[in-house]
Amino acid sequence: MMNITEFPLQLLPSRASDRLLQPLWDYLLFHHRPLISSPFFPVLLAFSSYFFFSIPFAVLDLLGEKVPFFYQYKIQPDKQPTLRMMAKSFFTALYNHIFFVLPTVIIGMFILPAPTLPPEAPTLYEVFVDGLGALLLFDTQYFIWHFIHHKHPQLYRWIHAIHHEYLAPFSWSTEQLSIPELMTVGLWSNQDPILLKCHPLTTWSMTVFSIWMSVEDHIGYDLPWTLNHLVPFGLLGGAPAHDMHHQKPSSNYAPFFSHWDIIFGTAAPLKKKTKRR
């Protein structure tokens, strides 16, 4: 369990940038301390985010052409995921978390020092800058890992191939990963914020946001209001880039941002398919 630094119940004077987050942080400390201090909380937060973010797009996939307003944005309309495919991907992720992630957390409780929950909330600036730094670091790590595993046939076959089981990704396939890949991604997700000395609230916010970005990458729809369209200058790849990676695996290795693929010449534009009759 996390240790919480002792502090008086009255609020400390805060800067203007703290005022939006300090009441929230105080509320979490006073009313949900057992939950947020549990080493299982990050796992619960991550998996529940993946579950709830994926549901709307799973429904959208099952409805398909019955909702033409959304279906017009389907990247590969000739490839529609089935309920069986969705169930397989979801239960693969659930199995991995129950039998590998949770035991890893339990082992870590005995060998890792208990972190502390500070009394002060982060500023909005700290949440943005530290969160962005952690996302950029993870993006770099995964780009290198991803590139190596696609270039090495044995590594690809043993570790990464399960994620490419389907040529057209869908939301539930976001966490259809092998155990080595899941544990590697989990290690970076947990250690990068510690390395960058992120506030726990920043870490949790980044966790939820990164999972949303990951699900968005796999939805199979090039919706005009997704992050890759809202963030300017093509800084994010989004679903078009990752869908193209599944169509052309020698391209678009970065999970979130587009700069590494542009720098190393591995960026590939989306080629949208048409429905075959």
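**Notebook: helix α8 and its surroundings**

I started with helix α8, residues 179–195: it has 17 residues and reaches 24 Å from its first C-alpha to its last, close to the 24 Å expected at 1.5 Å a residue. Note to self: this is a predicted model.

Next I looked up which residues of α8 are buried, and got E181, L182, V185, W188, D192 and P193. They cover an arc of only 130 degrees around the axis, so they sit on the same side of α8. I then checked the face turned away from that buried side, and it carries the exposed residues L187, I194 and L195.

What do the buried residues of α8 pack against? I found four helices there: α5 (83–111), α6 (124–151), α7 (153–160) and α9 (200–218).

**α5 against α8**

I took the α5 pair for a closer look. The axes of α5 and α8 come within 11 Å and cross at roughly 45 degrees. An angle of under 35 degrees would have counted as roughly parallel, and 65 to 115 as roughly perpendicular; α5 and α8 are therefore oblique to each other. I noted the hand of the crossing too, and it is right-handed.

For the residues involved, I listed N96, H97, F100, V101 and T104 on the α5 side. On the α8 side they meet I179, L182 and M183. L182 also turned up in my list of buried α8 residues.

**I179**

I179 belongs to helix α8, so I asked myself: how exposed is I179? I get 23% relative accessibility, and I179 counts as partly exposed because the cut-off for buried is under 20% and that for exposed is over 50%. Leaving aside neighbours within four places in sequence, I179 is in contact with N96 and F100, and both of these α5 residues are in the α5–α8 list above. I also looked up I179 and H160: they are 19 residues apart in sequence and 9.7 Å apart in space, C-alpha to C-alpha.

**α3 against α5**

I went on to the other side of the bookkeeping for α5. The axes of helix α3 (residues 41–63) and α5 come within 12 Å and cross at roughly 180 degrees. That makes α3 roughly antiparallel to α5. I wrote down the contact residues in full: V43, F47, Y50, F51, A58, D61 and L62 come from α3, while α5 supplies L83, M86, S89, F90, A93, L94, H97, V101, L102 and V105. Comparing notes, I see H97 and V101 of α5 in this list and also among the α5 residues that meet α8.

**Positive phi values**

Where does the positive phi after α8 sit? It is at K197, with phi near 55 degrees, and K197 is a residue other than glycine. I placed K197 in the loop between α8 and α9. K197 is exposed, at a relative accessible area of 73%.

I looked up F233 as well: phi is positive there, about 65 degrees, although F233 is not a glycine. F233 lies in the loop between α10 (227–230) and α11 (238–247). With a relative accessible area of 77%, F233 is exposed.

**α11**

I finished with the helix that follows that loop. Buried or exposed, I wondered, for the residues of α11? I count 10 of the 10 as buried, so α11 is largely enclosed by the rest of the structure. Among them are G238, P240, D243, M244 and Q247. The buried residues of α11 pack against α6, α7, α9 and α10.

Note on methods:
Residues are numbered from 1 along each chain as its sequence is written. This is a predicted model: local features need pLDDT of at least 70, side-chain atom pairs count only at pLDDT 80 or more; totals for chains, interfaces and linings use all residues. Side-chain values use heavy atoms; hydrogens and water are left out. Helices (H or I, at least four residues) and strands (E, at least two) are DSSP runs, numbered from the N terminus. The expected span of a helix is 1.5 Å times one less than its number of residues. Buried means under 20% relative accessible area, exposed over 50%, partly exposed in between (1.4 Å probe, protein chains only). The arc is that of the directions from the helix axis to the C-beta atoms. Contact means heavy atoms within 4.5 Å. Axes are lines fitted to C-alpha atoms, for helices over the stretch in contact, and angles run from 0 to 180 degrees between N-to-C directions. Angles under 35 degrees count as roughly parallel, over 145 as roughly antiparallel, 65 to 115 as roughly perpendicular and the rest as oblique. A crossing is left-handed if the near helix is turned anticlockwise from the far one by less than a right angle, and right-handed if clockwise.
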